[in-house]
Amino acid sequence: MAEADQAIVTLFKEKAKLAAIEVAEQPDMAGALSYTLKVCMAKEAFRPMLPQERGAAETPGKILAAPALPEAEYLALAEAGAKSGVTVIKTGLRDHLAGIDLALSLAELGVASTGTCVLECPGEDERLATMVCETHVVALPKSKLVRDSYQAEDALRGLLARNAMYVSFISGCSRTSDIERVLTLGVHGPLTMHVVLLDC
């Protein structure tokens with residue numbers, strides 16, 4: 001990796017840490033899938049507050065949503081998940097609005113100066129995955145990292161030209177201080193966020 005490229009990776013890690021994002025590195029997508037499953041297995045299973053909440057009793061154990069994964073990678077993750085007691089879903093996230101343990105997304109771009117992941121979310125399942133999970137894992141190739149939003153302009157124009165419906169900028173887990181100025185995590189989305197940087 002060129003020195004300039006490594007500097008951008010280092011900057012992304014520094015800024016992501018400030019946004020309470022856990023950053024890991026893996027050589028490829030197979031490594032990212034393995035990392036994602038380990039994170040899911042390590043967390044406590046989501047339990048709805050009320051048993052009558054929609055989706056609460058539909059799927060026992062942990063639920064991992066991966067709506068953006070290509071079919072071959074989804075099947076590999078689903079097979080590995082089944083061996084570990086994790087149900088991996090690709091569609092029908094609306095049926096699990098009571099909560100999803102972990103969601104895996106694929107980033108189209110990373111902005112190092114803010115530790116931001118840019119996701120293309122053309123369908124409802126991709127959008128729900130980023131909002132109704134407790135833990136959000138984003139796979140981001142290092143080759144898609146740019147230093148700042150100015151360098152992201154051309155890539156963003158391409159994303160919007162391809163699909164102007166929904167492009168999401170995510171810089172850490174959900175947080176708000178609206179209620180009596182007390183910082184609260186997870187009100188509008190995930191409690192924790194991980195970014196897996198891929199060597200590609």
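A cavity, as the word is used here, is a set of grid points among the protein atoms where a 1.4 Å probe fits but cannot get out, and the residues lining the cavity are those with an atom within 4 Å of such a point. Keep that picture in mind, and note that the model you are looking at is predicted.

Let's start with the whole chain. Its secondary structure comes to five helices and twelve strands. Of the 200 residues in the chain, 47% are buried. If you take the contacts between residues at least 6 apart in sequence, 76% of them join residues that are at least 24 apart.

Now for the cavity itself. By the rule used here, the count comes to one cavity of 30 Å³ or more. About 60 Å³ of space lies in the largest cavity. Which residues line the largest cavity? They are Pro67, Ala68, Leu104, Ser105, Leu106, Leu119, Glu120, Cys121, Glu126, Ala129 and Thr130. Sorted by class, this lining has seven nonpolar, two polar and two charged residues. Three elements, β4, β6 (116–120) and α4 (124–129), each supply at least two residues of the lining. The element that gives the most is β4, with three residues.

Leu104 is a good place to step from the cavity into the nonpolar interior. Leu104 lines the largest cavity, and Leu104 is also among the residues with the most contacts inside the largest nonpolar core, together with Met29, Leu64, Leu69 and Leu77. That core has 21 residues. At least two residues of this core come from each of α2 (29–42), α3 (71–84), β3 (86–89), β4 (100–106), β7 (133–141) and β12 (192–198). With seven residues, α2 gives the most to this core. Apart from this core lies another, of 19 residues, which includes Ile8, Val9, Ile21 and Met193.

To see the larger core from one residue's point of view, pick out Leu69. Leaving aside residues up to four places away in sequence, Leu69 touches Met29, Leu33, Tyr74, Leu77, Lys90, Leu104 and Leu106. Two of these, Leu104 and Leu106, line the largest cavity as well.

Met29 and Leu33 turn up again when you move to Glu73, a residue in helix α3. With the same neighbours in sequence left out, Glu73 touches Met29 and Leu33. Glu73 and Ala30 are 43 residues apart in sequence, yet their C-alpha atoms are 7.9 Å apart in space. Is Glu73 buried, partly exposed or exposed? At 26% relative accessibility, Glu73 counts as partly exposed, because buried means under 20% and exposed means over 50%.

Next, look at the strands. In a regular strand the side chains alternate between the two faces of the sheet. Strand β2 (residues 62–65) is covered on both faces: Lys62 and Leu64 on one side are buried, and so are Ile63 and Ala65 on the other. Strands β2 and β3 run parallel and are joined by four bridges. Within this pair, Lys62 stands opposite Val86 in β3.

A second set of strands brings us back to β6. Four strands form an open sheet with mixed pairing, in the order β8-β5-β6-β9. The edges are held by β8 (145–146) and β9 (167–170), each with a single partner strand, so one side of each is left without a neighbour in the sheet.

What about β6, which sits between β5 and β9 in that order? Five of the five residues of β6 are buried, so this strand is largely enclosed by the rest of the structure. Thr116, Val118 and Glu120 point one way, Cys117 and Leu119 point the other way, and all are buried. Leu119 and Glu120 also appear in the lining of the largest cavity.

On one side, β6 pairs with strand β5 (residues 109–111) in the antiparallel sense over three bridges. Here Gly110 stands opposite Cys117 in β6. The hairpin of β5 and β6 has four residues between the strands, and in it Gly115 takes a positive phi near 65°. With β9, too, β6 runs antiparallel, this time joined by four bridges. Val118 has Phe169 of β9 as its bridge partner, while Cys117 is partnered in β9 by Ile170.

Notes:
Residues numbered from 1 in each chain as written. Predicted model: local features only at pLDDT ≥ 70, side-chain atom pairs only at ≥ 80, totals over all residues. Heavy atoms only, no water. Core = buried A, V, L, I, M, F, W, Y, C linked by side-chain atoms within 4.5 Å. Buried < 20%, exposed > 50% of the residue type's maximum accessible area, 1.4 Å probe, protein only. Contact = heavy atoms within 4.5 Å. 1 Å grid on protein atoms, 1.4 Å probe; cavity = no way out; pocket = protein on both sides within 12 Å on 5 of 7 lines; lining within 4 Å. Points joined across faces, edges and corners; volume = space filled by probe spheres on them. Nonpolar A, V, L, I, M, F, W, Y, C, P; charged D, E, K, R; others polar. Pairing = 2+ DSSP bridges.
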